[in-house]
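Here is a short briefing on one protein chain. Please look over the sequence and the coordinates before reading on.

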Amino acid sequence: MKAIRSSIGLVVMTMILCGLIFPLSVTAVGQTVFHHQANGSLVRLNDQVVGSELIGQQWDKPQYFHGRVSAVKYNMDAAMIKENGIASGSHNYANGHPELQQRVVTLKQTNGHTPIDAVTESGSGLDPDITVDNAKQQVARIAERRNLSTEQINQLISNQAHQGTLYEDYVNVLALNLALDHMSCH
């Protein structure tokens, strides 16, 4: 009987420690030290949430930079996720897959050069970033649609660029498009 009481006491103490005290401590540290990140790295414009720095969005209007191709519908709400049964993922097509080859052919016809991230999906399908090379391939279209010079847009890309550690330099598509909207308003 003494062994059973000791075992139950140990289980209860472990549940309190691991199920209550530890999660509350981690949450408290996260909220005080990493408040922005702990709350989803949300981007606000005029006190409204317009997206997250960490999750891509669908941009298909020609006056905006377009993000990476995605197997996932970026702007799904909870009901759509439940209906489709997928919130992230990718097709991970092989080089010989007809759909991937068609993407390459289409982009080469319009751009002459195809950055790899313009045709391939990220592993999660929710990548918020594109390479600087991919962004520069879109400059002519955006300049024409917004009546801006290509130099202005290339400067914007340079200002928004982050240095890649293992790969090429990259830009966050949401930040780039918000800066583009801000530039067009002034």
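Where is the place of threonine 114? Threonine 114 sits in the loop between helix 4 and strand 3. The model is predicted. The points below cover the fold, the salt bridges, the cavity and a few single residues.

**Overall architecture**

- The protein chain holds eight helices and four strands.
- Read from the N terminus, the order of the elements is α-α-β-β-α-α-β-α-α-α-β-α.
- The chain has 186 residues, and 27% of them count as buried.
- Among contacts with a separation of 6 or more, 55% come from residues 24 or more positions apart.
- The exposed area of the chain is about 12,400 Å². Carbon and sulfur atoms supply 58% of that area.

**Salt bridges**

- How many salt bridges does the count come to? The count is two.
- Side chains of opposite charge can pair when their charged atoms come close.
- One pair is arginine 68 with aspartate 127. Their closest N and O atoms lie 3.3 Å apart. This salt bridge fits the rule because 3.3 Å is within the 4 Å cut-off.
- That pair links distant parts of the chain, 59 residues apart. Arginine 68 is in the loop between strand 2 (48-52) and helix 3 (78-84). Aspartate 127 is in the loop between helix 4 (98-111) and strand 3 (129-131).
- Arginine 68 has a relative accessible area of 15%, so it counts as buried under the 20% limit.
- Another pair is aspartate 181 with arginine 146. Here the closest N and O atoms are 2.8 Å apart.
- This pair also joins distant parts of the chain, with the two positions 35 residues apart in numbering. Aspartate 181 belongs to helix 8 (residues 173-185). Arginine 146 belongs to helix 6 (residues 139-146).
- Are the two partners buried or exposed, fully or partly? Aspartate 181 is partly exposed, at 24% relative accessible area. Arginine 146 is buried, at 15%.

**Internal cavity**

- Rolling a probe the size of a water molecule over the atoms shows where empty space is left.
- A search of the whole structure returns one cavity of 30 Å³ or more.
- The volume of the largest cavity is about 40 Å³.
- Which residues line the largest cavity? The lining consists of Ser52, Glu53, Ile55, Gly56, Gln57, Trp59, Pro128, Asn172, Val173 and Leu174.
- By class, five lining residues are nonpolar, four are polar and one is charged.
- Glu53 is the charged one, because Glu falls in the charged class.

**Threonine 114**

- Threonine 114 is buried, because its relative accessible area of 17% is under 20%.
- Arginine 103 lies 11 residues away from threonine 114 along the chain. Their C-alpha atoms are separated by 9.4 Å.

**Asparagines with positive phi**

- Asparagine 46 has phi near 55°, a positive value in a residue other than glycine.
- Its place is the loop between strand 1 (42-45) and strand 2.
- Asparagine 46 is exposed, with 72% relative accessible area.
- Asparagine 147 likewise has a positive phi, near 55°, and is a residue other than glycine.
- The loop between helix 6 and helix 7 (150-160) holds asparagine 147.
- Is asparagine 147 buried or exposed? Asparagine 147 is exposed, because its relative accessible area of 71% is over 50%.

Key: Residues numbered from 1 in each chain as written. Predicted model: local features only at pLDDT ≥ 70, side-chain atom pairs only at ≥ 80, totals over all residues. Heavy atoms only, no water. Salt bridge = Lys/Arg side-chain N within 4 Å of Asp/Glu carboxyl O. Buried < 20%, exposed > 50% of the residue type's maximum accessible area, 1.4 Å probe, protein only. Contact = heavy atoms within 4.5 Å. Areas by Shrake-Rupley, 256 points an atom, 1.4 Å probe, with all protein chains shown as cover. 1 Å grid on protein atoms, 1.4 Å probe; cavity = no way out; pocket = protein on both sides within 12 Å on 5 of 7 lines; lining within 4 Å. Points joined across faces, edges and corners; volume = space filled by probe spheres on them.
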